[in-house]
Amino acid sequence: LILMHIQMPVMDGYTAAQAIKKDARWVHIHIVAMTANALAQDRQRTEQSGMDTYVSKPFDIGELVDVILQQTA
């Protein structure tokens, strides 16, 4: 499981997720987007880049734990 921050300085999370999913060794790894961008279009962009789900910041720790458990079950 990767908790992927979207706004990184050199390569953003969308680009990083696409690069990870292109590599056959990592195609099955789950990626959870973590960002303060909470619009519907932001959620769509995370899905289009290959991420499995989305947690908006500030996040509730219980919500984050639930997402981690769902993705690793």
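A surface patch here joins residues with over 30% relative accessible area and no salt bridge, nonpolar side chains being linked within 5 Å. The model is predicted.

Start with that kind of patch. Select Phe-59, Ile-61, Val-65 and Leu-69: together they make a nonpolar surface patch of about 360 Å². Then keep Leu-69 alone, which sits in helix 3, residues 61-72. Is Leu-69 buried or exposed? Its relative accessible area is 53%, and because exposed means over 50%, Leu-69 counts as exposed.

Next, go to Pro-58, in the loop between strand 3 (53-56) and helix 3. Display the backbone from Lys-57 to Pro-58: this peptide bond is cis, with omega near -5 degrees. Most peptide bonds are trans.

Now move to Met-51, in the loop between helix 2 (40-48) and strand 3. Its relative accessibility is 4%, and since the limit for buried is under 20%, Met-51 counts as buried. Which residues does Met-51 touch, leaving out those up to four places away in sequence? Select Met-4, Ile-6, Gly-13, Tyr-14, Ala-17, Ile-31, Ala-33 and Thr-46 to show them. For a distance check, pick the C-alpha atoms of Met-51 and His-5: they are 11 Å apart in space, with the two positions 46 residues apart in sequence numbering.

From that contact list, keep Tyr-14 and add Arg-45. Arg-45 lies over the face of Tyr-14, at 3.9 Å from the ring centre. Aromatic pairs need no selection: a search of the whole structure finds 0.

Technical notes:
Residues are numbered from 1 along each chain as its sequence is written. This is a predicted model: local features need pLDDT of at least 70, side-chain atom pairs count only at pLDDT 80 or more; totals for chains, interfaces and linings use all residues. Side-chain values use heavy atoms; hydrogens and water are left out. Patches are made of residues with over 30% relative accessible area and no salt bridge: like charges are joined within 9 Å, nonpolar side chains (Val, Leu, Ile, Met, Phe, Trp, Tyr) within 5 Å. Accessible areas come from the Shrake-Rupley method with a 1.4 Å probe; for residues, only the protein chains shown count as cover. A salt bridge is a side-chain nitrogen of Lys or Arg within 4 Å of a carboxyl oxygen of Asp or Glu. Helices (H or I, at least four residues) and strands (E, at least two) are DSSP runs, numbered from the N terminus. Buried means under 20% relative accessible area, exposed over 50%, partly exposed in between (1.4 Å probe, protein chains only). Rings of Phe, Tyr and Trp (its six-membered ring) pair if their centres lie within 6.5 Å; planes under 30 degrees apart count as stacked, over 60 as edge-to-face and the rest as tilted. A charge sits over a ring if NZ of Lys or CZ of Arg is within 6 Å of the ring centre and within 35 degrees of the ring normal. Contact means heavy atoms within 4.5 Å.
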